[in-house]
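Colleague: Could you take me through the ligand site in this one, slowly? I'd like to hear what lies around the ligand, and then how the strands behind it are put together.

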Amino acid sequence: MKPYYITTAIDYTNAPPHIGHAYEKVLADVMARFQRLNGREVFFLTGVDQHGQKVQKSAEKAELSPQVFVDGITGHFTALWDKLNVRYDGWAATTDPRHKRVVQAMLQKLHDCGQLYKQGYTGFYSVRQEQFLTDKERGPDGVFGVEWGEVVELEEENWYFRLSDHVEWLKSYINSHPDFIFPAHRAHDVLNALEGAAQDLCISRPLERLSWGIPLPFDEKFVNYVWFDALTNYISFAGYLAGECGNEGLPDFANLWPSEAHVIGKDILVPAHAVYWPIMLHALGFSDDQIPRLIVHGWWNMKGAKISKSLGNVIDPNVLADTFTADGLRYYVMRDIATGYDSDFSEERLVMSYNKELAGGLGNLLNRSINMAQKYRGGVLTPGSYDDAENAALRQTVAEALTVYLEKMNSWAIHDGIHAAWKIVTHANAFVDSTKPFSLAKDPAQAARLDSVLYHLAEAWVHVSVLLNPIMPTAMATARAQIGWETPAGFVLSDLKWGLLKDGHQLGTPVPLFPRLEIEPPAA
Ligand code: MSP
């Protein structure tokens, strides 16, 4: 079986990361870890989009060379991914010479087969969005909206890609491949955008206007337009044309492609990922079964408003991770959003999810389970042969949680996967309350029952620590260390069965997993 090849959008290096960037990378990391746990080999690619006008301008403003500028911002991204335990296998930085060679080779291929042509054009141009505007972009009042920023009239010659030649193919591809885009309803947005006269795509910028880009190999007065450059990262860093370009240290493309998940935000679905990208691949000769799948997530907003530097509501994920731990933040951004939909970032919810759910529900269960076993049995587990309906019910909850978790995680419903695992936590906490181990410990006649209760709690925890591992890898490893059990090499989800802790198993020392934070939630 091919590795599970997962990518994210590559982040613009014109500004440091915010919570939206962090969410996307954590989402992909959780899926990568889940797929590994589920027995798949995984290749996870992420990186940075370093070329383009936005970067050139920001670098000019900062009085730095573009390379020095992007290296600095790139450092913020890599440091954050380290801090958040986002573990990628490939790093796609578009200034990497290997990537530049592939972009040029790809452009040459398209040029050689007549897919590119040069033409003069006069029109309105959005400096902010780096694109020419048409009447479609005008508001009902005939004016270009504020989202386009400064709009200037420009006349210039450029290179064009024969996008329109492939639009009919794309429509039929979308209609016959309901899995192409997740969630499926987003495909309608794409089909709507494809209605009307199809236009070719301008893929160049004159060198005098944009110097910070990859030169066209067949016309050095131009550099490549940023989307063509950026999208190509998904294949260049997967080893596409590696032999031809003399690229080393990259995966075997034939073994990896197509990607099963390009994880992107809804803002870059149309036209970039759902129109330009499949058409680029199709024009390059990729077959229909070589078109990657798009996983489109929603946005984190702030009190319903977009997170943006200009609104001054950007939240630094570093600060949040320092306060709530990387796992606390990972948990919150996975728990409080449904993949594909928007959510509102709320520090109040973050504090609550940490203190109530992680410190209270989850951490407390582990702590008291180990504590009681230490106190009453010196931390030694003896499952014995005692059984009753309460024990059976807990085992049943664990078994059901496993099935639901697998189904939900496989279909990108991470929040539901967490919910499934949490059923074990809730039931196990209720199990402590109803079996009352502290009372059982006082009655020698209840010794066998107490053993079975302590064993059930530890086993339930083994399951929780595996299921929640993709979401909170550090905390779950700590939990397993406290239980005194580590996943054996090659352990996969199908190995997770009741009875992993053997008779005589010695538990470790309990240490609070998520120490409660004395933080008052901010006033609403
Ligand atoms: N560089 C392009 C992507 C090129 S991919 C070939 C880009 N960069 S970006 O930095 O603006 O955005 C990177 C990713 O972060 C995108 O998928 C975008 O949707 C996502 N997010 C940016 N802000 C976000 C939120 N507020 N919430 C969730 N995700 C958001 O676009």
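Modeller: Here is the ligand site first, then the strands that lead away from it, then a few other parts of the fold.

Keep in mind that this is a predicted model, so everything below is computed from predicted coordinates. The shell around the ligand holds 23 residues, and the closest of them are Ile 10, Glu 24, Asp 49, Gly 265 and Asp 267. By type, that shell splits into 11 nonpolar residues, eight polar and four charged.

Now for the polar atoms. Asp 267 puts a side-chain N or O atom 2.5 Å from an oxygen of the ligand. Tyr 12 takes part through its backbone: one of its polar backbone atoms is 3.0 Å from a ligand oxygen. Trp 300 also uses a polar backbone atom, in this case 3.0 Å from a nitrogen of the ligand. As for cover, the ligand on its own has 660 Å² of accessible area, and the protein covers 95% of that. The elements that supply two or more shell residues are strand E2 (11–12), helix H1 (19–37), helix H7 (226–231), helix H8 (233–236) and strand E13 (261–265).

Follow E13 outwards and you get to the strands you asked about. E13 pairs with E14 in the parallel sense, over four bridges. Gly 265, one of the closest residues to the ligand, has His 297 of E14 as its bridge partner. E14 itself runs over residues 294–297 and is covered on both faces: Leu 294 and Val 296 are buried on one side, Ile 295 and His 297 on the other. So His 297 is a buried residue that is bridged to Gly 265. E14 also pairs with strand E8 (residues 181–182), again in the parallel sense, over two bridges. There Phe 182 stands opposite Ile 295.

Trp 300 takes you to another sheet. Strand E15 covers residues 300–302 and pairs with E16 in the antiparallel sense over two bridges, with Met 302 bridged to Ala 305. The sheet is open, with three strands in the order E16-E15-E17 and mixed pairing. E16 (305–306) and E17 (343–345) are its edges; each has a single partner strand, so one side of each has no neighbour in the sheet.

There is another open three-strand sheet, ordered E10-E12-E11, and its pairing is antiparallel. Strands E10 (204–206) and E11 (215–216) sit at its edges with a single partner strand each, so each has one side without a neighbour in the sheet. E10 meets E12 (residues 219–224) over three antiparallel bridges, and Arg 205 is opposite Val 223 there.

Asp 49 is worth a second look too, since that residue is among the closest to the ligand. Strand E3 (42–49) is part of what covers the buried residues of helix H2, along with helix H3 (66–83) and strand E5 (116–126). H2 spans residues 53–61, and its buried residues are Gln 53, Val 55, Gln 56, Ser 58 and Ala 59. Just after that helix, Glu 63 has a positive phi of about 55°.

For the wider setting, the protein has 18 helices and 17 strands. Of its 524 residues, 56% are buried. The C-alpha trace spans about 95 × 50 × 40 Å along its principal axes.

Terms used
Residues are numbered from 1 along each chain as its sequence is written. This is a predicted model: local features need pLDDT of at least 70, side-chain atom pairs count only at pLDDT 80 or more; totals for chains, interfaces and linings use all residues. Side-chain values use heavy atoms; hydrogens and water are left out. A residue is near a molecule or strand if one of its heavy atoms lies within 4 Å of it. A polar contact is a pair of N or O atoms within 3.5 Å; within protein, one must be able to donate a hydrogen and the other to accept it, and residues adjacent in sequence count only if both atoms are side-chain atoms. Accessible areas come from the Shrake-Rupley method with a 1.4 Å probe; for residues, only the protein chains shown count as cover. Ala, Val, Leu, Ile, Met, Phe, Trp, Tyr, Cys and Pro count as nonpolar, Asp, Glu, Lys and Arg as charged, and the others, Gly among them, as polar. Two strands pair if DSSP finds at least two bridges between them. Buried means under 20% relative accessible area, exposed over 50%, partly exposed in between (1.4 Å probe, protein chains only). Contact means heavy atoms within 4.5 Å.
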